[in-house]
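Let's take a friendly walk through a protein model. Have the sequence and the 3D view ready as you read.

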Amino acid sequence: MDPQVQELQEEARGAGEVTMELAAKSFKAFMLKRSSKSNLNLYDHLARLLTKVMDERPRDAVDIFEDMSQEVKRAELQDTQSTVRDATPISTAAALAEQQRALFSQRVGEDPAQEEDLVETPLPNVPELTFYLEQAGVGLGKEEMHRIFLALKQLVDTQPLQRCRFWGKILGTESNYFVAEGEFREGEDEEDEAAEEEERKAEHDMDAANRLHKLADKSLPVVPKEDKGTGANKCSYFVCREPGMPWVRLPSVTPAQIIAARQICKFFTGRLDAPIASSPPFPGNEANYLRAQIARISASTQVSPLGFYQFAEEEGEEDEEAARGTLEENPDFEGIPVSEMAESLSTWVHHVPHILEQGRCIWVNLAEKPEEDLEDEEEGEEEKEKEEEPDEPEPEVGPPLLTPVSEDAEINKTPPWTSKMSSTLVSQFAIAVLRSNLWPGAYSFAFKK
Amino acid sequence: MDSDSLRYSLDLVSGCGLTLSCEQRAALQTSLLILKRNYKFSRVLFWGKILGLRSDYFIAHGITEDEMRNRKTLYSFNCVDWHLLPPVTEAQLAEVSLLKEHFKGDPSYEYEHTETRGLDEGDEAVVEEITVKMTEETRLAATVFNIDREVSVVPRGAFIKTPSGRVQVNRCFEGLSESEARKLSSYLHFSEPQHLKKKTILETADLNPSIDFLDNLSEDTPKGSWSLQFERGSISVLRSLLWLGLTFFHVPMTPQHGYIYMGDGMKNHYLPFML
């Protein structure tokens with residue numbers, strides 16, 4: 001070949017390379033141009049992105065390439081935004097953690113050695129309960145139950161309770177309630193006089209309102225509520241929103257509230273002072289509705305094995321009504337084999353008094369009018385043809401205490417209880433579980449010691 | 001809820017009160033792996049538990065390639081032996097809402113429900129008797145399908161739709177932020193969208209078609225049929241009030257999420273009265 005042509009070709013190649021180099025340089029300059037909107041440039045971005053792919057080596061990188069690109073961009077932008085100092089908002093999680101931290105600290109002045117001397121403590125053995133309930137398929141998670149345990153300890157330390165029990169958890173739309181049941185020691189119930197006064201005033205106002213509404217229906221006196229420590233008000237209930245928050249005591253329940261609660265069905269919101277808008281109107285706010293439902297659930301679903309409790313012997317029983325209210329543990333109880341408990345429902349009995357139609361556990365005769373009115377009544381009876389006042393109402397009788405569960409009535413062709421063993425593979429250590437179909441969520445278990 | 005994350009996720013949903021016993025959990029871990037191999041599923045989800053009068057049903061879903069279509073549903077009594085549920089027809093789905101009894105616990109039990117409807121045809125009133133006969137197995141399949149269709153929940157961004165129409169897990173999903181997790185609009189239904197097509201172009205302008213191909217939870221009627229709470233401060237828990245027992249959990253800033261149904265399998269028809 002002609003050396004001149006060769007030179008020309010080389011020059012052309014060189015020029016071609018130069019043009020290629022020029023093109024590459026101009027493209028690189030193009031990539032280095034900063035974007036007017038985000039102050040980034042394409043060259044740096046691609047370099048960072050490919051470095052990230054090189055470092056992380058994700059599987060199928062081409063499929064997630066766009067997402068990675070977005071991530072890199074986001075990371076870049078965050079660095080340049082630190083000119084304003086962040087006022088770190090306290091998240092609710094941290095706030096709750098602060099409160100729950102108090103659960104874990106020992107109270108000042110508490111000597112661990114002293115604790116061992118206390119023989120009878122009202123604190124229930126919650127870890128044992130957690131273990132057995134988990135076998136039944138019921139539970140709130142081990143950590144949560146432990147927090148509840150510590151919160152119950154706090155409750156027992158602040159209130160003079162004779163007996164305390166974790167009753168359960170009620171779900172609400174905005175927040176939930178953890179409920180503890182407690183029985184005060186005799187004479188130590190500290191419900192404020194002021195609170196009682198307020199309650200009486202509230203009831204009086206309600207009576208006045210009722211009278212306005214029910215002018216025609218004069219024969220509807222308010223059923224008096226049961227005293228503290230008896231019947232439906234035998235135990236007091238405390239609620240809190242999360243373990244660690246302070247326990248709030250629920251007010252005592254009145255029969256009117258129980259009757260109204262039977263007729264309505266509403267979700268709980270999680271605020272104790274929320275009004276209950278329902279038809280027929282419920283006398284009270286959410287705290288009263290909660291208490292009424294707790295009373296109904298306790299009365300229907302608290303059961304124990306047959307023979308565990310027995311009636312306490314009382315001397316000189318005159319009134320039939322007041323008699324059979326006291327139970328005590330049977331020291332001779334031997335335990336029923338678990339398989340029997342799981343199969344037959346008659347081995348379980350109710351140990352909480354049934355709530356009558358009236359809304360109380362012990363029936364009150366409302367027709368007993370004071371003596372002054374009797375004369376008017378007699379005159380009235382002669383004039384009217386039809387007797388508007390009812391005859392002596394029949395006393396309402398509910399099933400007596402310690403009735404076996406097998407005699408509970410069915411609703412909608414559904415048997416009210418379901419029982420089974422917790423495990424079919426290892427039946428020596430299994431427990432018997434009883435589940436209520438009327439109140440979904442009520443579980444009882446039994447284990448032969 | 002994914003069978004791989006079953007160990008720790010169960011603790012997060014146990015706020016509703018029902019969990020699985022240790023024995024059941026152990027059995028599930030073994031049997032779900034075997035199931036995955038036998039049926040060649042890509043993922044196996046433990047769907048939940050339906051309580052029956054005599055015994056409970058444990059339900060699991062098996063997913064092949066597409067996350068939403070061709071899901072197989074299986075049930076078991078003891079978490080060890082699994083049986084395939086038959087696919088359901090539209091007619092069965094409609095009929096199952098008429099049955100209001102509890103599940104009995106026996107898959108061969110036949111439900112018979114007769115409803116009389118009065119039709120006004122001109123001057124005559126004709127009384128029509130409609131009898132619905134269904135086995136419990138079909139009822140179970142229909143109930144699971146209904147629950148999935150109406151109240152299954154996923155956080156926004158957890159699943160993406162590829163241009164080919166396939167739905168798959170978004171591997172770049174890092175979780176919702178704390179503020180996003182508090183809004184009901186960050187959660188989507190995981191079933192064929194019904195409201196999406198009716199939206200105007202203005203409303204769809206802000207949506208990302210690869211993420212927002214599902215119905216948003218904030219458009220459910222009646223409003224308030226979801227209860228969004230932050231349990232223990234940091235875990236976002238959604239509970240459905242329409243199907244009582246469905247719990248969804250999500251830990252913000254992590255890709256952990258899942259839902260489980262533990263209940264008696266009956267729709268809450270009284271919802272508007274209870275709110």
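The report below looks at the contact between chains, then at salt bridges, a loop residue and a cavity.

## Where the two chains meet

Keep in mind that this is a predicted model. A good place to begin is the interface, where 40 residues of chain A are in contact with 40 residues of chain B. Between chain A and chain B, an area of about 3,200 Å² is buried, and carbon and sulfur atoms give 48% of it.

How many salt bridges does the rule find across the interface of chain A and chain B? There is one. Its partners are Arg25(B) and Glu134(A), whose closest N and O atoms are 3.1 Å apart. Polar contacts also cross the interface of chain A and chain B: the rule finds five residue pairs, with both residues at pLDDT 80 or more.

## The side that chain A offers

Now look at the side of chain A that touches chain B. At least two residues each come from helix 3 (65-79), helix 4 (92-104), helix 6 (126-135), helix 7 (142-158) and strand 9 (417-421) of chain A. Helix 7 of chain A gives the most to this side, with four residues. Sorted by kind, the residues on the side of chain A that touches chain B are eleven nonpolar, 13 polar and 16 charged.

## Salt bridges and a helical turn

Over all chains, the rule counts 14 salt bridges. One to find in your view joins the side chains of Arg147(A) and Glu144(A), at 2.9 Å from N to O. Arg147(A) and Glu144(A) are three residues apart in helix 7 of chain A, so about one helical turn separates them.

## A cysteine in a loop

Next, move over to chain B and find Cys172(B). Cys172(B) sits in the loop between strand 9 (167-169) and helix 5 (178-181) of chain B. Which residues does Cys172(B) touch, leaving aside those up to four places away in sequence? They are Ile64(A), Asp67(A) and Glu71(A).

You can also compare Cys172(B) with Ala142(B), which is 30 residues apart from Cys172(B) along the chain. The C-alpha atoms of Cys172(B) and Ala142(B) are separated by 34 Å.

## A cavity in chain B

Rolling a probe the size of a water molecule over the atoms shows where empty space is left. In this structure there is one cavity of 30 Å³ or more. The largest cavity holds about 30 Å³ of space.

What lines the largest cavity? Its lining is made of Met1(B), Leu45(B), Phe46(B), Trp47(B), His61(B) and Tyr259(B). Strand 1 (residues 43-50) of chain B provides the largest share of this lining, three residues. By kind, the lining of the largest cavity has five nonpolar residues, one polar residue and no charged residues.

Note on methods
Residues numbered from 1 in each chain as written. Chains lettered and ligands numbered in written order. Predicted model: local features only at pLDDT ≥ 70, side-chain atom pairs only at ≥ 80, totals over all residues. Heavy atoms only, no water. 1 Å grid on protein atoms, 1.4 Å probe; cavity = no way out; pocket = protein on both sides within 12 Å on 5 of 7 lines; lining within 4 Å. Points joined across faces, edges and corners; volume = space filled by probe spheres on them. Nonpolar A, V, L, I, M, F, W, Y, C, P; charged D, E, K, R; others polar. Contact = heavy atoms within 4.5 Å. Buried area = accessible area lost by both parts, 1.4 Å probe. Salt bridge = Lys/Arg side-chain N within 4 Å of Asp/Glu carboxyl O. Polar contact = N/O pair within 3.5 Å; in protein donor to acceptor, adjacent residues only side chain to side chain.
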